[in-house]
Amino acid sequence: MKLTKKLLAMALAGVMLLTILTGCSGGKTGDRLVEEYLAAYYHGFDAYKDKPITHDVPEIKTVADMFETSWLKDDGSWTFSSKTPNNPKYKALRDVFNKYASGYTVNLYAFEVDSKQSELNQAMRVMSPADHGLSVYPPSGLTNAIQCATRLVTRENKNYRIVVIIYDHHTLD
């Protein structure tokens, strides 16, 4: 598994390098590039290689609008979690993703980025096993599809990358 992650990271780095060297991003936004890097990462795993991955998560806009820097500690971890279910901020996030309450896993990631961090580097931060994100709705079965979306937001003159990954556990017909 570690070897696969390293190989995929190297492959993604190669793609990013080629993109930089050719001076072309295909007109894609930073948000879309992060989403595509995440999709490539997941398709690198046998368990997900044939699973559809989409980027249509309209709730990401609501979360981006709601985001406050106080949600994150200085070390980048969340100030609330599923262990604090009565926290108003955690409850508000669960409300945003309420339609995913049954049959889905919803994980939210947020971290500060600087102007020198590429979209690939930002995607790799989400992929890091050290950061499991905030579990909005916990795992509930085998994954049949994945949705991911991202937004870059600015608060207090700092940029933050917000990412949501939703695993669909419904049985395919």
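Which residues of helix α5 are buried? I began my notes with this, keeping in mind that the model is predicted.

**Entry 1, helix α5.** I looked up α5, which spans residues 119-127, and found Leu120, Gln122, Ala123, Val126 and Met127 listed as its buried residues. They sit on the same side of α5, because the arc they cover around the axis is only 160°.

**Entry 2, the chain as a whole.** I then stepped back to the overall layout and noted 5 helices and 5 strands in the protein chain, arranged along the sequence as α-α-β-α-α-β-α-β-β-β. Of the 173 residues in the protein chain, 41% are buried. I also looked at how far apart in sequence the contacting residues are: among contacts with a separation of 6 or more, 73% are between residues 24 or more positions apart. For the accessible surface of the protein chain I wrote down about 9,800 Å², with 54% of that area belonging to carbon and sulfur atoms.

**Entry 3, the nonpolar cores.** I next asked myself which residues have the most contacts inside the largest nonpolar core. The residues in question are Phe97, Leu108 and Val164, in a core of 27 residues. I traced where this core comes from, and found that at least two of its residues are supplied by each of α3 (59-66), α4 (88-96), β2 (104-113), β3 (134-137), β4 and β5. Another core, made up of 22 residues, lies apart from it, and I noted Val34, Tyr37, Phe111 and Val126 among its members. Val126 had already come up in my first entry as one of the buried residues of α5.

I followed Leu108 in more detail, setting aside residues up to four places away in sequence, and found that Leu108 touches Val63, Trp78, Leu93, Gly133, Leu134, Val136, Ile162, Val163 and Val164.

**Entry 4, helix α4.** Since Leu93 is one of the residues that Leu108 touches, I turned to its helix. The buried residues of α4 are Tyr90, Leu93 and Val96, and they fall on the same side of α4, because they cover an arc of only 115° around the axis. Pro88 and Asp95, by contrast, are exposed on the other side of α4. I also checked what covers the buried residues of α4, and the cover includes α3, β2 and β3.

**Entry 5, Val34.** From the core of 22 residues I picked Val34, which lies in helix α2, residues 30-43. Is Val34 buried or exposed? Its relative accessible area is 0%, and therefore Val34 counts as buried. Leaving aside neighbours within four places in sequence, I found Val34 in contact with Glu119, Gln122, Ala123, Thr150 and Arg161; of these, Gln122 and Ala123 are buried residues of α5. I also looked up a pair that is remote in sequence: Val34 and Val163 are 129 residues apart along the chain, with 9.0 Å between their C-alpha atoms.

**Entry 6, the loop between β4 and β5.** I went through the backbone angles here with some care, because most residues other than glycine have a negative phi. Glu156, in the loop between β4 (145-155) and β5 (158-168), has a positive phi, near 50°. Asn157 lies in the loop between β4 and β5 as well, and its phi is also positive, at about 65°. Glu156 is exposed, with a relative accessible area of 62%, and Asn157 counts as exposed at 80% relative accessibility.

**Entry 7, the second largest pocket.** Glu156 came up again when I looked at the second largest pocket, whose lining is formed by Thr69, Leu72, Lys73, Asp74, Asp75, Gly76, Phe111, Glu112, Arg125, Glu156, Lys158 and Tyr160. The space in this pocket is about 200 Å³, and β2 and β5 each supply at least two residues of its lining. Phe111, a lining residue here, is also a member of the core of 22 residues.

**Entry 8, His170.** I closed with the segment after β5, where His170 is found. His170 is partly exposed, with a relative accessible area of 35%. Apart from neighbours within four places in sequence, I found His170 in contact with Ser102, Gly103, Tyr104 and Asn144. The C-alpha atoms of His170 and Thr143 are 7.7 Å apart in space, while the two residues are 27 residues apart in sequence.

Note on methods
Residues are numbered from 1 along each chain as its sequence is written. This is a predicted model: local features need pLDDT of at least 70, side-chain atom pairs count only at pLDDT 80 or more; totals for chains, interfaces and linings use all residues. Side-chain values use heavy atoms; hydrogens and water are left out. Buried means under 20% relative accessible area, exposed over 50%, partly exposed in between (1.4 Å probe, protein chains only). The arc is that of the directions from the helix axis to the C-beta atoms. Contact means heavy atoms within 4.5 Å. Accessible areas come from the Shrake-Rupley method with a 1.4 Å probe; for residues, only the protein chains shown count as cover. A nonpolar core is a set of buried Ala, Val, Leu, Ile, Met, Phe, Trp, Tyr and Cys residues joined through side-chain atoms within 4.5 Å. On a 1 Å grid over the protein atoms alone, a cavity is a set of points where a 1.4 Å probe fits but cannot get out, and a pocket is an open set with protein on both sides within 12 Å along at least five of seven lines; lining residues have an atom within 4 Å of a point. Grid points are joined across faces, edges and corners, and a volume is the space filled by probe spheres set on the points.
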